[in-house]
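Biologist: Hey, can you walk me through this one? I'd like to start with how the strands pair up.

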Amino acid sequence: MSVSRDEVQKIARLAELHVDDAALPALVEQMSRILDYVAQIAGVAATESAKPFIPGPAATRFRGDTAEPAPLAFPPARMAPAFRDGFFLVPRLGAFEASAQGTGEEGE
Amino acid sequence: MTAAADLPRVAADTADRLARAEPLKALLTPMADVRASLATQATRVTPAGALAGMPVVVKDNICTLEFTTSCGSRILEGYRSPFEATAIARLKAAGALIAGKTNCDEFAMGSSTEHSAYGRTHHPLDPERVPGGSSGGSAALVAAGAVPAALGSETGGSVRQPAAFCGVVGIKPTYGRVSRYGLVAFGSSLDQIGVFGRTVSDAARVLRAISGHDPLDATCEDRDALALPAEPENLQGFVVGIPKEYFPPDLDPGVRRACERALGLLKQLGASLREVSLPHTAHAIPTYYIIAPAEASSNLARYDGVRYGPRFDGAVDVRALYRSTRGQGFGPEVRRRILVGTYVLSSGYYDAYYRRAQRMRALIAQDFRTVFDRGVDLLFTPSTPSPPFKAGEKLGDPVAMYLADIFTVTANLAGLPALTLPIGRVDGLPVGGQLIAPAFLEDEMLEAAFALERVVPATGDA
């Protein structure tokens, strides 16, 4: 196996993705299969000398740095799950606050 | 072009045809919404436009104002975009009728349209088989004769593979030929909007309408709309390369026969055939399945239950909200790709996977440049390694599914234009032949396609 159960759980936390315990064994097996398969390019020595390739315009023309109203057919409030007074509503930042209190790094 | 007085009838006829195609499960928009919107659009259409009265269905990862945009995912169920894609605005300006949104693999990740949260689309000739993917709904509706053309999107072959499976024409333009504004991002360095048509002409006309510079997309090249070539009498002077890596010993014998017949016809049309080599082809699928998931893991970070789409609630804090919404909102293939993408970008693995894949991508692109620099105008290959496979056949093995794109991903990695057209059938199932051209030479690719389409028996067994 290329990846362990613990590694998949760690990657899922990094990706902010809940994974059921019941789904983990199959996921570990499938991710290992995929990662073993794509790792075959490691054996190609020539890749060391090649410069990365990105398609698209060689030079990007930037738009003027001026603020303009977004031409939306309706405001963001209509597509947000919860919205009030110009803000997106979310639950409290419990995990972050607990972490900050533990380190004593928070200010007044 | 359709006269203004005929547009209401065209709109009603289109809705009737789409309703008859409902057993395919190819359309995500409810028929009542399609019928109402088409009737309204028919009163507002640009009657002098190049596509006046042409109904076009649109893959559900391209933003429209008329219909919801779910990307085949529960995480965007019911999402209505506040803006429309540039490609849609241009279709409407050309007089086309936007006839509904089509089923697709979730966020365009898949090769069979089985990874849609709204059920799988059936192949129009055999309901037990897949129409290909990820733009399977668009391909199926064109093949069923419900519409003459459709929009899809390409990241690794998601227009050409289903077009080949369904026996229609599919074009993936050069990266930068068509604006990506309003195309929901999957792999931003690979994504392009592509077109389906019953004929090369229908597909080419739609491609012309949506192409050209767009200041809203910084990766869209500063070029005019594609100029369509005249249909040539013959292909005298064309040098067609046959890359040997695309004809492996295990290629389906029926696909091989159809390709050999098409190559014989190209020769009869006056083209010179030359065997060439693209030596890094074997590494294209591993390269793609590092780069595309890496880009996807970044692009899909925005779906968190805060700004749009449904929220899977009950979370006690904001991170639990993110995890719960994403865990329940994404399907298994999208979750796998986000995890693989996060893994290959994470500390300790970035150099071994992502950086190495980027370098391999450069070698794959260089292979094409070398061949084209040596006087080859176009490449001809099979579009897929086999005819359409049965539903469920590859669902249990992600890598087996990924290999369905083995002949298409290279053009995406190199940013090149490519086209598939039907070149015969095997046991009654369609086979596609692929043309690949140098960047921004879609016109030469279309010339060859026009000529080959005229002589190839698209529906006869090879």
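Modeller: Sure. One term before we start: two strands pair if DSSP finds at least two bridges between them. Also keep in mind that this is a predicted model.

Biologist: OK, so how many bridges join strand 4 to strand 9 of chain B, and do they run parallel or antiparallel?

Modeller: Strand 4 (residues 169-172) of chain B is joined to strand 9 of chain B by 3 bridges, and the two run antiparallel. For a spot to click on, B:Gly170 has B:Thr420 in strand 9 as its bridge partner.

Biologist: And what's on the far end of strand 9 of chain B? How many bridges does strand 9 make with strand 10?

Modeller: Strand 9 pairs with strand 10 (residues 429-436) of chain B over 8 bridges, in the antiparallel sense. These two strands form a hairpin with 2 residues between them. B:Val426 and B:Leu429 are bridge partners there, and B:Asp427 in the turn has a positive phi of about 50 degrees.

Biologist: Is strand 9 of chain B enclosed or out in the open?

Modeller: Largely enclosed by the rest of the structure, because 8 of its 9 residues (418-426) are buried.

Biologist: Let's zoom out. What does chain B look like overall?

Modeller: Chain B has 14 helices and 10 strands, and 63% of its 462 residues count as buried. Its C-alpha trace spans about 70 × 65 × 45 Å along the principal axes. The radius of gyration is 21 Å, which agrees with the value near 23 Å that a compact globule of 462 residues would have.

Biologist: Which residues touch the most other members of the largest nonpolar core?

Modeller: B:Val56, B:Leu141 and B:Phe196, out of 157 residues in that core. Helix 11 (residues 351-373) of chain B gives the most to this core, with 10 residues.

Biologist: What does B:Phe196 touch, leaving out residues up to four places away in sequence?

Modeller: Its contacts include B:Ala139, B:Val142, B:Val159, B:Val168 and B:Ala203. B:Gly170 is among them too, and that's the residue bridged to B:Thr420.

Biologist: Switching topic: how many residues does each chain put into the contact between A and B?

Modeller: Chain A gives 48 residues and chain B gives 58. On the chain A side, the largest share, 7 residues, comes from helix 2 of chain A. By class, that side has 35 nonpolar, 7 polar and 6 charged residues.

Biologist: What about helix 1 of chain A? Which of its residues are buried?

Modeller: A:Val8, A:Ile11 and A:Ala12. Looking down the axis of helix 1, its buried residues fall within an arc of 100 degrees, so they line one face of the helix.

Biologist: Why would residues with those spacings point the same way?

Modeller: An α-helix has 3.6 residues a turn, so residues three or four places apart point the same way. The buried residues of helix 1 of chain A pack against helix 2 of chain A, together with helix 10 (332-345) of chain B.

Biologist: Last thing: where else should I look for odd backbone angles?

Modeller: Most residues other than glycine have a negative phi, and most peptide bonds are trans. B:Ala108 has a positive phi, near 70 degrees, and B:Phe440 has one near 65 degrees. B:Ala108 counts as buried because it has 30 C-beta neighbours inside 10 Å, while B:Phe440, with 18, counts as partly exposed. The peptide bond from B:Gly133 to B:Ser134 is cis, with omega near 10 degrees. B:Ser134 sits in the loop between strand 2 (97-102) and helix 4 (136-143) of chain B, and B:Ala108 lies in the loop between strand 2 and helix 4 as well.

Methods:
Residues numbered from 1 in each chain as written. Chains lettered and ligands numbered in written order. Predicted model: local features only at pLDDT ≥ 70, side-chain atom pairs only at ≥ 80, totals over all residues. Core = buried A, V, L, I, M, F, W, Y, C linked by C-beta atoms within 7 Å. Buried ≥ 20, exposed ≤ 12 C-beta atoms within 10 Å, placed from the backbone. Helix = DSSP H or I, 4+ residues; strand = E, 2+ residues; numbered from the N terminus. Contact = placed C-beta atoms within 7 Å. Rg over C-alpha atoms; globule rule 2.2 N^0.38 Å. Nonpolar A, V, L, I, M, F, W, Y, C, P; charged D, E, K, R; others polar. Arc of directions from axis to C-beta.
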